Amino acid sequence: MEKRTEIELTSIETIDPKPRSFAHTCLMQEENIETPYGNLLVAIQGDRTKQPILTFHDIGLNHITCFQGFFSYPDMQPILKHFCVYHVNAPGQQEGAMTLKPDHDVVGNPDSLGSRFVYPTIDQLAESIQYVVDHFHMKTFIGFGVGAGANVLARYELAHHEHVDSLILVNPTAAKSGWIEWGYQKMNSWYLFSGQLTSFTEEYLLWHWFGKKTRWNNHDLIHTYSEYIKSINPQNLALFIESYLKRTDLGIVREMDPMRKVSARTIRCRSLILVGDDSPHMEDVVEMNGRMLPEETDFLKIADCGGMPLEEQPGKTCEAFRLFLQGMGYVPSLVQTHSAAAEFNQLTRPMDPQMLAPMTC
């Protein structure tokens with residue numbers, strides 16, 4: 001019988017993974033921009049002489065909880081050296097925001113639930129972006145929006161096409177809210193405006209951000225955002241939710257007739273639409289893609305992902321982001337890393353060949 005030798009492992013140390021945190025991991029400058037619709041907190045990341053990327057977050061989030069993890073991802077660092085990122089926060093949605101107080105000089109939504117503060121409509125939030133553009137003297141910028149932020153940036157492009165170089169839209173919607181969304185969000189507004197962060201609101205926000213599958217498969221991520229929800233200012237969130245709930249249809253159409261296309265209301269800049277294959281907003285995203293110009297729009301569905309691709313699949317999202325930028329003529333010398341390439345091969349749909357044409361290695 002073979003003799004077994006006992007081996008004592010003395011030089012192996014176990015290291016517990018660091019928990020996901022929203023602590024600041026990079027240096028950002030913050031500026032408050034005054035607009036007729038309320039103050040916008042803008043966090044600036046990078047060299048201001050570089051091409052601007054302007055971000056706008058989803059409901060219940062801010063520039064930290066929506067974008068920090070993605071922009072801190074290792075594969076994003078070579079890309080960010082070529083850009084300056086301006087993170088725009090909707091009024092009262094930034095970290096540690098105080099409850100919004102009334103300002104009689106602010107022009108907002110007269111039907112707002114918050115009688116103590118008149119919150120801007122989604123169209124007015126889009127118009128407030130122009131004050132950010134003017135303040136930082138941007139000629140053009142690359143828009144990067146998630147959920148409600150994608151809707152805001154799409155509206156801005158329709159009104160100020162000359163300032164938008166391109167758009168990256170995650171979970172965008174072109175339609176007004178449906179009855180189911182209206183009912184859930186109206187109940188959320190009622191709870192939140194009374195100062196309550198109930199389990200109903202928590203469940204809805206987690207579903208809105210991630211969908212059902214991620215809720216059961218990624219417990220660490222869900223736990224982190226569940227803890228974050230407790231720090232949200234409920235009254236301010238209620239106002240933002242109500243404003244998004246009352247959004248109008250974008251009114252965009254996919255016009256194929258060359259004669260009518262010139263005057264048709266549509267997003268004309270180069271656009272990338274991203275959605276996870278298990279996103280709770282899949283139907284809305286597919287509908288919006290169907291109303292965009294096919295020659296100017298790339299649609300990408302990311303595998304093994306719920307409603308938050310920036311957190312759930314940062315490698316795949318980063319690679320899609322890089323290829324899209326290279327299709328626009330930016331960062332032509334960057335090549336994909338091994339880790340990102342391995343993940344990117346799992347994408348359910350490849351990028352448009354036209355995007356790859358300008359790419360050089």
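Okay, let's start in a loop: Tyr-73 sits between helix H1 (63-71) and helix H2 (77-80). Is Tyr-73 buried or exposed? Its relative accessibility is 18%, and buried means under 20%, so Tyr-73 counts as buried. Here's a nice detail about that spot. Tyr-73 and Pro-314 are 241 residues apart in sequence, yet their C-alpha atoms are 7.1 Å apart in space.

One thing to keep in mind throughout: this is a predicted model.

Now the overview. We have 361 residues in the protein, and buried ones make up 55% of them. The fold has 15 helices and 8 strands. If you take the contacts with a separation of 6 or more, 76% come from residues 24 or more positions apart. As for the outside, the protein exposes about 17,600 Å², with carbon and sulfur atoms supplying 54% of that.

Let's go inside. In soluble globular proteins, nonpolar side chains tend to be buried together. The largest nonpolar core here has 94 residues, and the members that touch the most others are Phe-144 and Trp-209. Which helix gives the most to this core? That's H4, residues 148-159, with 7 residues.

So let's look at H4. This helix has 12 residues and spans 17 Å from first C-alpha to last, close to the 16 Å expected at 1.5 Å a residue. Of those 12 residues, 11 are buried, so H4 is largely enclosed by the rest of the structure. The buried set isn't just nonpolar names, by the way: it includes Asn-151, Arg-155 and Glu-157, along with Val-152, Leu-153 and Leu-158. And what covers them? Among the covering elements are strands E3 (51-56), E5 (141-146) and E6 (164-170), plus helices H3 (122-135), H9 (234-245) and H11 (282-290).

There's a loop residue that meets H4 too. Thr-266 is in the loop between helix H10 (258-261) and strand E7 (270-276). With a relative accessible area of 6%, Thr-266 is buried. Its contacts farther off in sequence include Glu-157 and Leu-158, both of them among the buried residues of H4. Thr-266 also touches Ile-252, Val-253, Arg-291 and Leu-293.

Back to Trp-209. Leaving out residues up to four places away in sequence, Trp-209 touches Asp-58, Ile-59, Gly-60 and Leu-61, then Tyr-225, Tyr-228 and Ile-229, and finally Gly-307 and Met-308. Both Trp-209 and Phe-210 are buried.

That takes us to the rings. How many aromatic pairs does the structure hold? There are 23. Trp-209 and Phe-210 form one: the ring centres are 6.5 Å apart and the planes sit at 85°, so the pair is edge-to-face. Ring pairs also link Tyr-184, Trp-190, Tyr-191, Phe-200, Tyr-204 and Trp-207 into a cluster. And there's a charge over a ring as well: the charged end of Arg-247 is 4.2 Å from the centre of the Tyr-244 ring.

Last topic, backbone angles. Most residues other than glycine have a negative phi. Two residues here go the other way. His-137 has a positive phi of about 55°, and for Val-331 the value is about 35°, also positive. His-137 is in the loop between H3 and E5, while Val-331 lies in the loop between helix H13 (314-327) and helix H14 (338-344). Their surroundings contrast: His-137 counts as exposed at 69% relative accessibility, whereas Val-331, at 6%, counts as buried.

How values were computed. Residues are numbered from 1 along each chain as its sequence is written. This is a predicted model: local features need pLDDT of at least 70, side-chain atom pairs count only at pLDDT 80 or more; totals for chains, interfaces and linings use all residues. Side-chain values use heavy atoms; hydrogens and water are left out. Rings of Phe, Tyr and Trp (its six-membered ring) pair if their centres lie within 6.5 Å; planes under 30 degrees apart count as stacked, over 60 as edge-to-face and the rest as tilted. Buried means under 20% relative accessible area, exposed over 50%, partly exposed in between (1.4 Å probe, protein chains only). A charge sits over a ring if NZ of Lys or CZ of Arg is within 6 Å of the ring centre and within 35 degrees of the ring normal. A nonpolar core is a set of buried Ala, Val, Leu, Ile, Met, Phe, Trp, Tyr and Cys residues joined through side-chain atoms within 4.5 Å. Helices (H or I, at least four residues) and strands (E, at least two) are DSSP runs, numbered from the N terminus. Contact means heavy atoms within 4.5 Å. The expected span of a helix is 1.5 Å times one less than its number of residues. Accessible areas come from the Shrake-Rupley method with a 1.4 Å probe; for residues, only the protein chains shown count as cover.
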